[in-house]
Amino acid sequence: MAKKKTWTEMSPAAKAGTIAAGIVNLSLLVAAQRDLSKRPASMINGPKAAWRAASFINFIGPVGYFTFGRKKPGAVT
């Protein structure tokens, strides 16, 4: 198996990609947490606490929340 590169061994393009991915991930996390705080529980599919915890899973959690966790406006409960 190939040895993982350390930060100093990475190319500038790889460093920039890593930083960009981190910023996107953090932005999704903050957006999901903020939406969970402001959205009433009746407009969320499932328990808020479960979606709050799931949103901490890299990329998958926040995207899953925005895709499956929020009820559509005008949806009948």
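**Close-up 1. Lys-72 sits in the segment after helix 3 (60-69).** The model shown here and in the other views is predicted. Lys-72 has a relative accessibility of 53% and therefore counts as exposed, the cut-off being over 50%. Beyond its neighbours within four places in sequence, Lys-72 is in contact with Met-43 and Thr-67. Ile-44 is 28 residues away along the chain, yet the C-alpha atoms of Lys-72 and Ile-44 are separated by 9.1 Å.

**Close-up 2. Met-43 lies in the loop between helix 1 and helix 2.** Its contacts reach the other end of a long sequence interval: Met-43 and Arg-70 are 27 residues apart along the chain, with C-alpha atoms separated by 6.2 Å. Residues up to four places away in sequence are left out of the contact list. Met-43 then touches Gly-69, Arg-70, Lys-71, Lys-72 and Pro-73.

**Close-up 3. Arg-70 belongs to the segment after helix 3.** Arg-70 has a relative accessible area of 27%, so it is partly exposed. Which residues does Arg-70 touch, not counting those up to four places away in sequence? They are Asp-35, Arg-39, Met-43, Asn-45 and Tyr-65. Arg-70 and Ala-41 are 29 residues apart in sequence; C-alpha to C-alpha, they are 9.6 Å apart in space.

**Close-up 4. Helix 1 (residues 12-38) packs with helix 3 at an angle of about 40°.** The axes of the two helices are 8 Å apart. The angle makes helix 1 oblique to helix 3. The crossing of helix 1 past helix 3 is left-handed. Helix 1 brings Leu-28, Leu-29, Ala-31, Ala-32, Asp-35 and Leu-36 to the contact. Helix 3 brings Pro-62, Val-63, Tyr-65 and Phe-66. By class, this contact has 9 nonpolar residues, 1 charged residue and no polar ones.

**Close-up 5. The largest nonpolar core has 5 residues.** Its members are Ala-32, Leu-36, Ile-44, Trp-51 and Tyr-65. Two of the helix 1 residues in the contact with helix 3, Ala-32 and Leu-36, appear in that core. Tyr-65, on the helix 3 side of the contact, is also a core member. Ile-44 touches Leu-36, Trp-51 and Tyr-65, and its contacts also include Arg-39, Gly-69 and Lys-71, not counting residues up to four places away in sequence.

**Close-up 6. Gln-33 is in helix 1.** Is Gln-33 buried or exposed? At 15% relative accessibility, Gln-33 counts as buried, because the cut-off is under 20%. Outside its neighbours within four places in sequence, Gln-33 is in contact with Arg-52, Ser-55 and Phe-56. One of these, Ser-55, is 22 residues from Gln-33 in sequence and 7.4 Å from it in space, C-alpha to C-alpha.

**Close-up 7. Phe-59 is in the loop between helix 2 (48-54) and helix 3.** Phi of Phe-59 is near 55°. This is a positive value in a residue other than glycine. Phe-59 has a relative accessible area of 36%, so it is partly exposed.

Technical notes
Residues numbered from 1 in each chain as written. Predicted model: local features only at pLDDT ≥ 70, side-chain atom pairs only at ≥ 80, totals over all residues. Heavy atoms only, no water. Helix = DSSP H or I, 4+ residues; strand = E, 2+ residues; numbered from the N terminus. Buried < 20%, exposed > 50% of the residue type's maximum accessible area, 1.4 Å probe, protein only. Contact = heavy atoms within 4.5 Å. Axes fitted to C-alpha atoms, helices over the stretch in contact; angles between N-to-C directions. Parallel < 35°, antiparallel > 145°, perpendicular 65-115°, else oblique. Left-handed = near helix turned anticlockwise from the far one by under 90°. Nonpolar A, V, L, I, M, F, W, Y, C, P; charged D, E, K, R; others polar. Core = buried A, V, L, I, M, F, W, Y, C linked by side-chain atoms within 4.5 Å.
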